Amino acid sequence: MPKVCQKYITLSAYLGQVKAVMEEADGFPGWVVCELANVSWSRGHCYLELVETDAAGAVTAKARGTIWSYRANALSQAFERSCGAPLRKGIKVMLYVQSQMSELYGFSLNVLDMDPSYTLGDLEAKKQATLKRLEEEDLLERNKELEVPTLPFRIAIVSAEGAAGFGDFMKHLSDSGVDFVTELFSALMQGEGAPESIAAAFGQIEERSGEFDAVAFIRGGGSNLDLACFDDYLIARSIAMCSLPVISGIGHERDNHVCDEVASVRVKTPTGAADFIIGKFADAYASLQDVSARLFEGVEEALASFENALEKLSGRFSSSLRNYTEVRGETLSNLKFRLERAAQGNIDERIHWLDRVLTLLQGADPSRILDRGYGIVTICGQKVTDISSVSDGVRLTIMMKDGKVSLTAKDVVIEKKTEQ
Amino acid sequence: MEEQKDLTYEKAIAELEAIVERVEDKNAPLDKLEEDIKKGMALIAFCKGQLRGYKERISAIMEENSEEK
């Protein structure tokens, strides 16, 4: 460092000199590649923060860039049409710039043009190529045709042990109260070697596919570079060829990778994957509750109907029984009365008949006649009732109260009664 | 009567009816008539006794039946 010099200029003069050199070189125009660390808009101008990072992610160069309003809209719209997304931080860009120096605002780059294809670049171009290849090989829809079962108890997990995403996923499942059976198939989830590691994990799962109901492919958020591998063909093919439905939960909400396009189910985060799985049980439970409620309702209705019918029947039975017993009781009562009366009547009748017979016999008893002083004349034991049967020489017997006398008729004189 | 042990109400009535027929016959021998009358009286007494017995027993049955109700 030189000793303190007596000659000095002002800062503005110094910067003016630098500016002059740059203007002489026409601002050193050229294409540069960098990453957008920030993008902002004000009064139609687009202000960019440009950075360059090394492999470790450390910033090695930095500059401000400006797209002035008279070309900002055109460039940004062209970019969006090509890349499918607006200018945003984190993307790599190729810009045609011109340096400019201002004594007041310092060094900056004036952005004159940009090449969207660079931004699509390695990652996006790879992604698009991967998607195209998967489509040509008829693999895009293959895993989507597999449905996650109604109750997916057994989950194979492809993730990195110790990763935040994996931890969140497992905690969520554990907190649900459902007794899941899970097994982690550990794999590198970023950087070099990640595609091969993940493909190997899927291979292991495929060998034991009968032991699981679904695969959860999960990883928490990260930079574009971190998540770049999830656009890789090898991973996408592994997912597509998997015989189990794959639930892909990679990164954050904004991230959308090839693996998401081929998986059976795509959710935004690892927690989202856990929620999806738990939700299946909640749906099944709700359905069961509904069926149970309807069954219960149906049974209640049927029981009420039976009870009603039984009550009616019981009523009819009681009524009929009452009628029956009343009628029968009445009949029985009548019958009893008749029986009693008939029995008594029967006996009385017989007694009356006997009395009549008695009267008859008493009337016919000869001793009654004899007791009154009369005699009964008989001839050979037969009563004489006709006087003409008496003649001389007939042997008569006269029965009297105190005995009988036998005699022979002599000098019989007959005096017959004349009829008046 | 000699056959009292074997005599039933029905047999007595049958015999009594036969006696009545004989008694009603005006030409019936008188000595037989006396005999018939005596027998008839006895049979009447027997039958009445039987009937009284039936009456009492029937009343008892009716009474018993009413109590059971």
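**Exercise 1. Find the residue in S7(A) that stands opposite A:Ile157, then place both strands in their sheet.**

Solution.
- A:Ile157 stands opposite A:Leu184 in S7(A).
- Strand S6 of chain A spans residues 154-159. Strands here are DSSP E runs of at least two residues, and helices are H or I runs of at least four, numbered from the N terminus.
- S6(A) and S7(A) pair in the parallel sense over 6 bridges. Pairing requires at least two DSSP bridges between two strands.
- The open, parallel sheet has 5 strands of chain A, in the order S7-S6-S8-S9-S10.
- Strands S7 (181-186) and S10 (265-267) of chain A are at the edges; each has a single partner strand, so one side of each lacks a neighbour in the sheet.
- From one strand to the next, the twist averages 20 degrees.

The model is predicted: local features need pLDDT of at least 70, side-chain atom pairs count only at pLDDT 80 or more, and totals for chains, interfaces and linings use all residues. Residues are numbered from 1 along each chain as its sequence is written, chains are lettered from A and ligands numbered from 1 in the order written, and side-chain values use heavy atoms, without hydrogens and water.

**Exercise 2. Identify the strands that helix H5 of chain A lies across.**

Solution.
- H5(A) covers residues 194-207.
- H5(A) lies across S6, S7, S8 (214-219) and S9 (246-250) of chain A.
- H5(A) runs at about 165 degrees to S6(A). Axes are lines fitted to C-alpha atoms, for helices over the stretch in contact (heavy atoms within 4.5 Å); angles run from 0 to 180 degrees between N-to-C directions.

**Exercise 3. Classify A:Tyr14 as buried, partly exposed or exposed.**

Solution.
- A:Tyr14 lies in helix H1 (residues 11-24) of chain A.
- Its relative accessibility is 48%, so A:Tyr14 counts as partly exposed. Buried means under 20% relative accessible area, exposed over 50%, partly exposed in between (1.4 Å probe, protein chains only).
- Across chain A, 31% of the 420 residues count as buried.
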